[in-house]
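Let's take a walk through a protein model together. Have the sequence and the 3D view ready, and look up each residue as we reach it.

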Amino acid sequence: MKKEFLWLSAAIFIISCDPSADKSDTKQNPSESMREYYSEQHRPQFHFSPESMWMNDPNGMVYYDGEYHLFYQYYPEDIVWGPMHWGHAVSTDMVHWEHLPIALYPDELGYIFSGSAVIDWNNTSGFGSKNNPPLIAIFTYHNIDEERAGKNDYQTQGIAYSTDKGRNWTKYENNPVLPNPGIRDFRDPKVMWYEAGNKWIMTFAVQDQVRFYSSTNLKEWAFESEFGKGIGAQSGVWECPDLFPMQVDGKEKWVLLVSIIPGGTNGGSATQYFTGNFDGKNFVNDNPPETILWMDWGKDNYAGVTWSDIPEKDGRRLFLGWMSNWQYAEQVPTTPWRSAMTIPRTLELKNSDAGMRLISNPVVELKKLRSGEFALEPGMISGNKKVNIGEASKKLVGELEVAFQMRNGSQFGLASEFGIELSNGRGEKVLIGFELAEKRFFIDRSQSGKVNFSPEFPGRHYGDSVPGSDTVKMHLFIDVASVELFADDGHTVMTEIFFPNEDFNKIVLYTKNGSVQLKEGKYYSYRSIWD
Ligand code: FRU
């Protein structure tokens, strides 16, 4: 409904278990009968997911007074997309979440589509005071009746404010603050304070471009410029942009994230980015128009943006995305909820041989979840090598860090493909690996269990070819029904979901047609954030 608008040598050896390596704390897992909350089949254990019903994009991500806010596109009456609300949760560490009541309900101006939130520190809006700066949410109103009536101007931008740490919200009486000039796709405002110009900048998506508007009070907005015609990935509508400054080698650069649907590198929805300069009016792209940069090469990271108002002394640029794809989001076999968010990530901009690139890595706060630690024995791998991860019957919830060296030193030649296999007793599996010929990472979920709910779901999905060193590093976050790959220190990222009939409980390092050296490796089991 929603998208109407839219391989093996014979040697098999098992790493022995070193009990002293188990650093589990003394906390006992409650027995299954005691712990039913968040224990349904396919339920993520350390990713944010709503208790029940439908969720898509993260919205209004803002930090205030010790709390990370996460609002999200939410339909509280079904597990498919419907009239959009803003669901709400808060966290003190971006890892453990407390669910709060729905923050914004649809009203006569429309459904509450995606948007952002800021702290109005100087009370430019007048909705609070300098001592108690208001939180301002800036979102898109989607008027479904007008859309059904065939009108073009059914998306406008509105605002709402809160003076009690985001617990209660009041919509502005003179909404919309930005009416629609007659353009069908006109949505997803991300607002930031542009210090150098003493003004607010709103970046939002308009068909296959973004627009920048400015304001001094968040209520009146003036057009500044547009960006994107014929630039970057263009085979779909642009959505959910985010514009922010970053430091690279001591210089300021600007990053513009833009989600696109369809036209993702592996099909469906995905997020691209641009690097450039922004002067308060225009965004000037660094690269030739045909350059396409993907922030995540997997199929399941969409509509992600970054948190506003992270304190300067922290200084990180923190990102989180919706871990699904519009191709099949409404068909995934979960109940009574649908969708989860990615793990929170730190973004950095770095110069590499390939050019300036956006690097994503997991936030350090996740380390708190480590409950057991298992060292992998380094050595040559030819064929399959099972990784000891403790209780074999447990579902895979944890973090795996491995470094392979592509040096030939056995009677076998260098493997044509190697990687990590997550599997269960039924022969269902997901492969996360590296193909030597093309020098590229992949995730293969063709045989991952339940795959027939959409023809777009199964398959092997590829990252970019990587220039290269002979060391291949893979850092995986595995959480029951998803894997996030941060390869080569975050240069290649791939996020994918999967739905085995029985939980995966086994990790095997494998090679095809030869061997590879395991330099080092560690597995950390995680405790659930919902315990
Ligand atoms: C992205 C998106 C946004 C829109 C929202 C509606 O997934 O299509 O453009 O605001 O979802 O739920």
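The paragraphs below visit single residues, charged pairs, unusual backbone spots and aromatic rings in turn.

Before we start, keep in mind that this is a predicted model. Our first stop is Thr275, which you will find in strand S16, covering residues 270-278. Is Thr275 buried or exposed? Its relative accessibility is 1%, so Thr275 counts as buried, since anything under 20% is given that label. Who surrounds this residue? Setting aside residues within four places in sequence, Thr275 is in contact with Trp254, Phe283, Val284, Asn285, Asp286, Asn287, Leu349 and Met356. Now look for Gly264: Thr275 and Gly264 are 11 residues apart in sequence, and their C-alpha atoms are 19 Å apart in space.

Next, move to Asp188 in strand S10, which runs over residues 186-194. With a relative accessibility of 5%, Asp188 counts as buried. Leaving out residues up to four places away in sequence, Asp188 touches Ser114, Thr140, Gln157, Thr203, Phe204, Glu239, Cys240 and Pro241. For a look across the model, find Gly425 as well: Asp188 and Gly425 are 237 residues apart along the chain, with 44 Å between their C-alpha atoms.

Charged side chains are our next topic. Side chains of opposite charge can pair when their charged atoms come close. How many salt bridges are there? The count comes to 31 salt bridges. One of them joins Lys165 and Asp65, with a distance of 3.5 Å from N to O. This pair links distant parts of the chain, 100 residues apart: Lys165 is in the loop between strands S8 and S9, and Asp65 is in the loop between strands S2 and S3. Lys165 is partly exposed, with a relative accessible area of 30%, whereas Asp65 is exposed at 51%.

Asp93 and Lys368 form another salt bridge, and here the closest N and O atoms are 2.8 Å apart. Once more, distant parts of the chain are linked: Asp93 sits in the loop between strands S4 and S5, Lys368 in the loop between strands S23 and S24, and 275 residues separate them. The surroundings of the two partners can be read from their accessibility. Asp93 counts as buried at 6%, while Lys368 counts as partly exposed at 46%.

A third salt bridge brings Glu484 and Arg345 together, the closest N and O atoms being 2.7 Å apart. Glu484 lies in strand S33 (residues 482-487) and Arg345 in strand S22 (residues 345-352), so this pair ties together parts that are 139 residues apart in sequence. Both Glu484 and Arg345 are buried. Salt bridges can also join up into a network, as they do for Glu417, Glu435, Arg440, Asp444, Arg460 and Lys512.

Let's turn to the backbone. Which residues does a cis peptide bond join? One such bond joins Asn175 and Pro176, with omega at about 0 degrees, and Pro176 lies in the loop between S9 and S10. Another cis peptide bond joins Ile261 and Pro262, where omega is about -10 degrees. Pro262 is in the loop between strand S15 (251-261) and S16.

Two other backbone spots deserve a look. Met94 is not a glycine, yet it has a positive phi of about 65 degrees. You can find Met94 in the loop between S4 and S5, and it is buried, with a relative accessible area of 1%. Asn123, also not a glycine, has a positive phi of about 50 degrees. This residue lies in the loop between strand S6 (111-119) and strand S7 (135-142), and at 18% relative accessibility Asn123 counts as buried.

We finish with aromatic rings. The whole structure holds 46 aromatic pairs. Take Phe48 and Trp97: their ring centres are 5.7 Å apart and their planes stand at 75 degrees, so the pair is edge-to-face. Phe48 counts as buried at 2% relative accessibility, and Trp97 is buried with a relative accessible area of 9%. Ring pairs link these two into a cluster with Tyr63, Tyr68, Tyr72, Tyr74 and Trp307. Rings can have charged partners too: the charged end of Arg43 sits over the ring of Trp337, 3.9 Å from its centre. Likewise, Arg440 lies over the face of Tyr462, at 3.5 Å from the ring centre.

Terms used. Residues are numbered from 1 along each chain as its sequence is written. This is a predicted model: local features need pLDDT of at least 70, side-chain atom pairs count only at pLDDT 80 or more; totals for chains, interfaces and linings use all residues. Side-chain values use heavy atoms; hydrogens and water are left out. Helices (H or I, at least four residues) and strands (E, at least two) are DSSP runs, numbered from the N terminus. Buried means under 20% relative accessible area, exposed over 50%, partly exposed in between (1.4 Å probe, protein chains only). Contact means heavy atoms within 4.5 Å. A salt bridge is a side-chain nitrogen of Lys or Arg within 4 Å of a carboxyl oxygen of Asp or Glu. Rings of Phe, Tyr and Trp (its six-membered ring) pair if their centres lie within 6.5 Å; planes under 30 degrees apart count as stacked, over 60 as edge-to-face and the rest as tilted. A charge sits over a ring if NZ of Lys or CZ of Arg is within 6 Å of the ring centre and within 35 degrees of the ring normal.
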